Amino acid sequence: MRELITMRRWVVVAGIVVAILVLAACSSGNSLTGKTWQWTAWTTMTPQSQSDVPDPSSYTIEFKSDGTFQAKADCNTVAGTYTSSASGGLKIYPGPSTLVACDADSMSGLFVEKLGLAISYTFFRSEMTINLSDLGTMTFK
């Protein structure tokens, strides 16, 4: 009987430890704010495709806690606002941008256009996926 009680205590303690570790893993880094996100990939539905961003450091976004954001779109910078919800809703409103002519292979315009299509976001490990109204996605690290 004593061994059964001891075993139950260990099971309870192990369960608590696992729950703490899961909560810590889920909450660590899972915030829009507090970091600069680099755009690493995107998908489209029409045509169906998945593409990697050749230079993620050229396409970044930083969400600030006051509802504004700063983004680097290759050779341009973009400012704007956003709204988000605890359930994962997200709307991004790109605003003023510099108008430098980037190289012909720049994805600056595509990056800003896709940000404006944001409808929600999710986290998985160290990645954030922004779901778009055109059913595509943008992936950030």
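Student: In this predicted model, does C102 count as buried, partly exposed or exposed, and at what relative accessibility?
Tutor: The model is a predicted one. Buried would require under 20% relative accessible area and exposed over 50%. C102 falls in between, so it counts as partly exposed, at a relative accessibility of 23%.

Student: Which residue is joined to C102 by a disulfide?
Tutor: The structure holds one disulfide. Its S to S distance is 1.8 Å, and the partner of C102 is C75.

Student: How many residues apart in sequence are the parts that C75 and C102 tie together?
Tutor: C75 lies in the loop between β4 and β5, and C102 in the loop between β6 (90–97) and α2. The pair therefore ties together parts whose separation in sequence is 27 residues.

Student: Is the link of C75 and C102 left-handed or right-handed?
Tutor: The angle about the S-S bond is -100°. With that value, the link of C75 and C102 is left-handed.

Student: Which residue in the loop between β4 (68–73) and β5 (76–84) has a positive phi although it is not a glycine?
Tutor: Most residues other than glycine have a negative phi. In the loop between β4 and β5 there is a residue with a phi of about 60°. That residue is partly exposed, with a relative accessible area of 23%. It is D74.

Student: What is the phi of R125, and where is R125 placed?
Tutor: R125 is in the loop between β7 (118–124) and β8 (127–132). It is exposed, with a relative accessible area of 70%. R125 is a residue other than glycine, yet its phi is positive, near 55°.

Student: Which residue is joined to T46 by a cis peptide bond?
Tutor: Most peptide bonds are trans. Here omega is about -5°, and the bond is cis. The residue joined to T46 is in the loop between β1 (36–45) and β2 (48–52); it is P47.

Student: What arc around the axis of α2 do its buried residues cover?
Tutor: In helix α2 (residues 108–115), the buried residues are S108, F111, K114 and L115. They are on the same side of α2, because they cover an arc of only 140°.

Student: Which residue supplies the backbone oxygen that lies 3.0 Å from a polar atom of the S108 side chain?
Tutor: S108 lies in helix α2 and is buried, with a relative accessible area of 10%. Leaving aside neighbours within four places in sequence, S108 is in contact with Y59, A73, D74, N76 and C102. The backbone oxygen at 3.0 Å belongs to A73.

Student: Which backbone oxygen does the side chain of K91 reach?
Tutor: K91 lies in strand β6 and is partly exposed, with a relative accessible area of 30%. Beyond four places in sequence, K91 touches T81, Y82, T83, G116 and A118. Its side chain reaches, at 3.0 Å, the backbone oxygen of G116.

Student: What is the separation of the C-alpha atoms of F140 and E127?
Tutor: F140 lies in strand β9 (residues 137–140) and counts as buried, at 0% relative accessibility. E127 is one of the residues that F140 touches, and others include W37, W39, F111 and I130. The two are 13 residues apart along the chain, and their C-alpha atoms are separated by 5.6 Å.

Student: Which residues touch the most other members of the largest nonpolar core?
Tutor: The largest nonpolar core has 25 residues. One of the residues asked for, F63, is in contact with L32, W37, Y82, I92 and M128, among others outside its sequence neighbourhood of four places. The full set is W39, F63, I92, F111, I130 and F140.

Student: In what order do the helices and strands run from the N terminus?
Tutor: The protein chain has two helices and nine strands. From the N terminus on, the order is α-β-β-β-β-β-β-α-β-β-β.

Student: What share of the residues of the protein chain count as buried?
Tutor: The protein chain exposes about 8,800 Å², of which carbon and sulfur atoms supply 60%. To count as buried, a residue needs a relative accessible area under 20%. Of the 141 residues, the buried share is 29%.

Methods: Residues numbered from 1 in each chain as written. Predicted model: local features only at pLDDT ≥ 70, side-chain atom pairs only at ≥ 80, totals over all residues. Heavy atoms only, no water. Helix = DSSP H or I, 4+ residues; strand = E, 2+ residues; numbered from the N terminus. Buried < 20%, exposed > 50% of the residue type's maximum accessible area, 1.4 Å probe, protein only. Contact = heavy atoms within 4.5 Å. Arc of directions from axis to C-beta. Disulfide = S-S within 2.5 Å. Core = buried A, V, L, I, M, F, W, Y, C linked by side-chain atoms within 4.5 Å. Areas by Shrake-Rupley, 256 points an atom, 1.4 Å probe, with all protein chains shown as cover. Polar contact = N/O pair within 3.5 Å; in protein donor to acceptor, adjacent residues only side chain to side chain.
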